Amino acid sequence: MAKVIAIANQKGGVGKTTTAVNVAASMAATKRKVLLIDLDPQGNATMGSGIDKYDVDATSYELLIEDKPINEVIVTETTGKYHLIPGNSDVTAAEIKLMELFAREVRLRKALDPVRDYYDYVFIDCPPSLSQLTVNAMAAADSVLVPMQCEYYALEGLTALMDTIKKLASVVNPDLKIEGVLRTMYDPRNRLANDVSEQLKRHFGEQVYRTVIPRNVRLAEAPSFGAPAMYYDKSSTGAKAYLALAGEILRRRDKHLKQAS
């Protein structure tokens with residue numbers, strides 16, 4: 001059964017969509033079956049997957065609001081070799097429509113049921129806010145991956161986000177866990193970044209990934225070419241870092257399964 005990971009942070013500009021696209025591509029490169037769900041009305045994960053968000057037959061809006069079967073919403077041909085449920089500005093309307101629906105928090109969870117046995121991993125790119133869309137992602141997910149920059153305000157925001165995830169878990173998904181905290185746009189020459197990184201490791205221990213995503217020009221350029229970094233420049237430090245992250249996620253899951261058995 002697929003492991004469903006929501007990629008979320010209420011703060012924008014922390015590399016959330018970059019992480020969603022690149023970890024999905026890296027996981028697909030390890031021969032895992034991967035689905036990426038774009039729940040962000042900006043549709044950046046869709047464009048970064050080589051799909052024109054203005055020219056798709058259906059998006060996560062149709063999945064959540066119109067009960068369109070999930071197999072009719074999935075796009076199978078992406079530059080990252082994973083499957084995609086696209087997002088665009090139509091998804092903004094889903095936010096409003098969800099308020100009118102019964103059991104609105106679990107619409108995504110139920111929509112995913114028919115394909116959970118097909119995929120190995122499902123990644124959900126959440127909007128940078130605590131909205132009904134984010135609540136749906138949290139209700140559907142097994143865990144939350146939190147990308148963050150090593151800055152002072154990001155550290156404050158992370159504490160608030162962790163509290164929010166705990167509250168959401170108690171209401172819509174008691175099994176929801178923190179998958180990990182990912183340090184993004186990291187510059188080891190920056191003293192503050194190093195200080196915040198050390199604080200993170202002290203506060204969150206093993207929840208902080210060993211893999212660090214560097215500040216990298218190729219990672220920033222790749223979306224404009226509609227491709228994950230590994231298909232834009234596989235030798236870049238950014239592409240290599242996300243491959244390392246995929247490996248770390250796989251090892252953690254294997255370790256957890258062994259402990260459970």
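Here is a chat between a student and a tutor about the structure above.

Student: What kind of model is this?
Tutor: It's a predicted model, where local features need pLDDT of at least 70, side-chain atom pairs count only at pLDDT 80 or more, and totals for chains, interfaces and linings use all residues. Residues are numbered from 1 along each chain as its sequence is written, and side-chain values use heavy atoms, with hydrogens and water left out.

Student: How many helices and strands does the protein have?
Tutor: Eleven helices and seven strands. These are DSSP runs numbered from the N terminus, with helices being H or I over at least four residues and strands being E over at least two.

Student: And why does the protein count as compact?
Tutor: Its radius of gyration is 17 Å, close to the 18 Å from the globule rule for 261 residues, so the protein is as compact as a globular protein of that length. That radius is taken over C-alpha atoms, and the rule is 2.2 Å times the number of residues to the power 0.38.

Student: How much of the protein is buried?
Tutor: Buried residues are 54% of the 261. Buried means under 20% relative accessible area, exposed means over 50%, and partly exposed is in between, using a 1.4 Å probe and protein chains only.

Student: OK, new topic: where does D40 lie?
Tutor: In the loop between strand 2 (34-38) and helix 2 (44-47).

Student: Is D40 buried or exposed?
Tutor: D40 counts as buried because its relative accessibility is 4%. Apart from neighbours within four places in sequence, D40 is in contact (heavy atoms within 4.5 Å) with K16, G87, D125, C126, P127 and P128.

Student: What about K68, where is that?
Tutor: K68 sits in the loop between helix 3 (60-65) and strand 3 (83-85). K68 counts as partly exposed, because its relative accessibility is 26%. With neighbours within four places in sequence set aside, K68 touches A58, E62, L63 and V73.

Student: Let's do pockets. What volume does the largest pocket have?
Tutor: About 930 Å³. Of the 27 residues lining the largest pocket, K3, E179, R252, R253 and H256 are the closest to its centre. On a 1 Å grid over the protein atoms alone, a pocket is an open set of points with protein on both sides within 12 Å along at least five of seven lines; a cavity is a set where a 1.4 Å probe fits but cannot get out, and lining residues have an atom within 4 Å of a point. Grid points are joined across faces, edges and corners, and a volume is the space filled by probe spheres set on the points.

Student: Which element gives the largest share of that lining?
Tutor: Helix 11, with eight residues. By class, the lining of the largest pocket has 14 charged, eight nonpolar and five polar residues. Ala, Val, Leu, Ile, Met, Phe, Trp, Tyr, Cys and Pro count as nonpolar, Asp, Glu, Lys and Arg as charged, and the others, Gly among them, as polar.

Student: And the second largest pocket, which residues are nearest its centre?
Tutor: G15, K16, T17, T18 and M185, out of 28 that line the pocket. Helix 1 gives the largest share there, five residues.

Student: How many cavities of 30 Å³ or more are there?
Tutor: One. The largest cavity has a volume of about 40 Å³, and N9, K11, V14, M148, A154, G157 and L158 line it. Helix 7 (residues 152-172) gives the most to that lining, three residues.
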